[in-house]
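Colleague: I'm new to reading protein models and would love a guided tour. Could we go through this one together, step by step?

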Amino acid sequence: MNRPYNFSAGPAVIPEEVLQQAAAEMLNWHGSGMGVMEMSHRGKEFISIYEQAESDLRELLAVPPEYKILFMQGGGLAENAIVPLNLSRAATVDFVVTGSWSQKSRKEAQKYAAEVHTAASGEASHFTTLPDPAGWQLSRGASYVHICSNETIHGVEFHELPDLKNLGSDAPLVIDFSSHVTSRPVDWSRVGLAFGGAQKNIGPAGLTIVIVRDDLLGHALSTCPSAFDYRIVADNHSMYNTPPTWGIYMAGLTFQWLKRQREGNACGVAAMELRSIAKARLLYDFIDQSGFYVNKVAANCRSRMNIPFFLQDESRNDAFLAGAKARGLLQLKGHKSVGGMRASLYNAMPLAGVQALVDYMQEFERQHA
Ligand SMILES: *Cc1c(COP(=O)(O)O)cnc(C)c1O
């Protein structure tokens, strides 16, 4: 029997092949007589899992050698503190606020940075537009500039990362890529540090991925917990303390799955990008031609991953969700702060799932328009 289509924003759908493999290996990983959760993180079995996951992620995202990949814990929210603890140098940091997540990040940074400066904000448009980088008011000498490259709640995505050098800033760019990591390539020439929780597009909650340029290590405030000091984590190959071993294993299975994916001549993340474009276009095109549903985000910054939409007549929300669930279309309810609906189209969501959603939306519209 086919599983339902799961549109959750996170924790979210995981490729079925990955779940099957994890199930098959649950009691006895590769003849070791142990499940992965039961292994010492310092044993040769787990070290091989860790090393493979690290090198596969490096290959998939084309991470240059001068960047470290760290496997941490605490999720995106903890990184909102850990980044300023490591990078702020107790000086000014710049934020570009484009939705709930960058707003939250800015608030947390105020605890650690000497000054938090808002260089630009999409608040006036209720986060339906991205402020044009040409108009950003970047501070001179900021320790870093923070953006959320995909706003999971408001459905706003940077389709091109800003080139800070061109905008007159020498600061490293920090990106929160939690909810679109591995759905598109990353231009590392523009990024100093990227972080993301795994539970959106990589695997189970509990693993946080941090990719950081070497020159940004070693500047932590003296109050930074040792387990969150990027220099210490990097020097210990993410094993200063016990890493989230199960999350790393599951992420590793997902990376292997990603490497197997093909779309025409493209493979891996490039294939995911082509699929993401096709999936998002299918849903946006349907919404835009309909007078029954609406998405309010400007066309140039619509997220391919998280698509919030509203029924024009919100009194039908409950009926819409109930009908969707009955057809095996799960977790479409929008975030409580914005309401309406949200369809998250992560890598593990096939085009057929989006087609099934569009078919249902069309049918619901016919019945209720
Ligand atoms: C989900 C999410 C977070 C928060 O992650 P937690 O693991 O819950 O801390 C942060 N940023 C973005 C963009 C997210 O989508």
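Colleague: Let's start with Glu17: how exposed is it, as relative accessibility?

Modeller: Happy to help, and please keep in mind that this is a predicted model. A residue is called buried under 20% relative accessible area and exposed over 50%, with partly exposed in between. Glu17 counts as partly exposed because its relative accessibility is 44%.

Colleague: Which side chain does Glu17 meet in a salt bridge?

Modeller: Here is the general idea: side chains of opposite charge can pair when their charged atoms come close. For Glu17, the N to O distance in the salt bridge is 2.8 Å. The partner counts as partly exposed, at 42% relative accessibility. That partner is Arg260.

Colleague: How many salt bridges does the structure hold, and how far apart in sequence are the parts that Glu17 and Arg260 tie together?

Modeller: The structure holds 18 salt bridges, and the one between Glu17 and Arg260 is among them. Glu17 lies in helix α1 and Arg260 in helix α6 (residues 245-260), so the pair ties together parts whose separation in sequence is 243 residues.

Colleague: What does the side chain of Lys68 meet in a salt bridge?

Modeller: The N to O distance of this salt bridge is 2.8 Å. Lys68 lies in strand β2 (residues 67-72) and its partner in the loop between β10 (208-213) and α5 (230-235), so the pair ties together parts that are 146 residues apart in sequence. Lys68 counts as partly exposed, at 28% relative accessibility, and the partner is partly exposed with a relative accessible area of 28%. The partner is Asp214.

Colleague: Which residues do salt bridges with shared partners join into one network?

Modeller: Let's begin with a single pair: Asp313 forms a salt bridge with Arg316, and their closest N and O atoms are 3.5 Å apart. Elsewhere, salt bridges that share partners build one network, which joins Glu160, Asp163, Asp187 and Arg190.

Colleague: Now the ligand: which helix gives the largest share of the shell around it?

Modeller: The residues around the ligand include Gly75, Gly76, Leu77, Trp101 and Lys200. The shell divides into 3 nonpolar, 7 polar and 2 charged residues. The largest share, 3 residues, comes from helix α3 (residues 75-87).

Colleague: How much of the ligand's area does the protein bury?

Modeller: Let's look at some contacts before the area. A polar side-chain atom of Thr152 lies 2.4 Å from a ligand oxygen, and a polar backbone atom of Gly76 is 3.1 Å from an oxygen of the ligand. Asp176 has a polar side-chain atom 2.7 Å from a nitrogen atom of the ligand. Taken alone the ligand exposes 390 Å², and the share of that buried by the protein is 86%.

Colleague: Which backbone oxygen does the side chain of Ser125 reach?

Modeller: Ser125 sits in the loop between β4 (115-121) and β5 (145-148). Ser125 counts as partly exposed because its relative accessibility is 21%. At 3.0 Å, its side chain reaches the backbone oxygen of Gly122.

Colleague: One last stop: what is the area of the nonpolar surface patch that includes Met26?

Modeller: Met26 is in the loop between α1 (16-24) and α2 (44-60). With 35% relative accessibility, Met26 counts as partly exposed. Together, Met26, Leu27 and Met37 make a nonpolar surface patch of about 340 Å².

Methods
Residues numbered from 1 in each chain as written. Predicted model: local features only at pLDDT ≥ 70, side-chain atom pairs only at ≥ 80, totals over all residues. Heavy atoms only, no water. Patch = residues over 30% accessible without salt bridge, like charges linked within 9 Å, V, L, I, M, F, W, Y side chains within 5 Å. Areas by Shrake-Rupley, 256 points an atom, 1.4 Å probe, with all protein chains shown as cover. Salt bridge = Lys/Arg side-chain N within 4 Å of Asp/Glu carboxyl O. Helix = DSSP H or I, 4+ residues; strand = E, 2+ residues; numbered from the N terminus. Buried < 20%, exposed > 50% of the residue type's maximum accessible area, 1.4 Å probe, protein only. Near = heavy atom within 4 Å. Polar contact = N/O pair within 3.5 Å; in protein donor to acceptor, adjacent residues only side chain to side chain. Nonpolar A, V, L, I, M, F, W, Y, C, P; charged D, E, K, R; others polar.
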